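Colleague: Could you pick one part of this model and walk me through it slowly? I'm new to this, so please explain the terms as you go.

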Amino acid sequence: MEVRCYHCLSMQTVEDNIFGESEKVNVPCSSCGKAFQIINPRLATFRSQTTRKTVPSITSEFSVEGLPLNLPDNQEISLKVLEGHEKGTVYPVNKPRITIGRANSDVIINDMLSSRIHCAVEVSDRTILLRDLESTNGTLVEDARIQTALLSNGSVFKIGGHSFQVVIIPKAR
């Protein structure tokens with residue numbers, strides 16, 4: 001089974017039989033050496049974080065303002081993490097609207113400074129719009145807190161301790 005250390009966030013493999021009949025065990029991290037607790041998935045009850053905030057549901061391909069949302073036919077859009085625990089990770093934008101946050105989002109980041117549903121990236125025709133979803137700590141573009149901002153290839157935005165860069169490349173034919 002794959003587990004992630006709470007302290008350094010590195011992944012490591014542990015044997016499935018490590019639990020015996022216990023619900024929880026402490027394991028030393030092979031990277032940082034600190035002990036962390038893991039829960040037996042066979043005995044534990046799953047508890048999901050919920051949010052009281054309602055987010056506009058985009059079931060059709062239209063934004064809150066009624067603009068059509070669609071992915072470009074000739075380009076691939078992705079978000080590269082420049083700073084934060086997920087540094088180096090590249091998230092493909094595979095639908096016209098994706099949400100980013102620490103829970104209940106399309107892109108989930110491990111950042112307590114991020115709201116559960118922090119912001120959305122909306123793609124329409126030739127524009128990419130970053131929309132803050134009433135987050136507690138704000139979404140920053142060029143160190144300024146924004147409600148909405150237009151993004152382009154190479155644009156950088158910040159959520160909590162994470163910085164994301166928009167990467168647009170031509171689609172392979």
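Modeller: Sure, let's start with the open sheet of five strands, which has the order β8-β7-β9-β10-β13 and mixed pairing. A strand here is a DSSP run of E, at least two residues long, numbered from the N terminus, and two strands pair if DSSP finds at least two bridges between them. At the edges you'll find β8 (107-108) and β13 (148-151); each has a single partner strand, so one side of each is left without a neighbour in the sheet. Now look at β7 (residues 97-101) and β9 (residues 119-124): they run antiparallel and are joined by four bridges. One residue to click on is T99, whose bridge partner in β9 is A120.

Before we go on, keep in mind that this is a predicted model, where local features need pLDDT of at least 70, side-chain atom pairs count only at pLDDT 80 or more, and totals for chains, interfaces and linings use all residues. Residues are numbered from 1 along each chain as its sequence is written, and side-chain values use heavy atoms, with hydrogens and water left out.

There's also an open sheet of six strands, in the order β6-β5-β15-β14-β11-β12, and its pairing is antiparallel. Its edges are β6 (90-92) and β12 (144-146), and because each has a single partner strand, one side of each lacks a neighbour in the sheet. On average, neighbouring strands of this sheet are turned by 35° against each other, direction ignored; the axes are lines fitted to C-alpha atoms, and angles run from 0 to 180 degrees between N-to-C directions. Inside this sheet, β14 (residues 156-159) pairs with β15 (residues 162-170) over four bridges, in the antiparallel sense. To see that pairing up close, find I159, which stands opposite H162 in β15.
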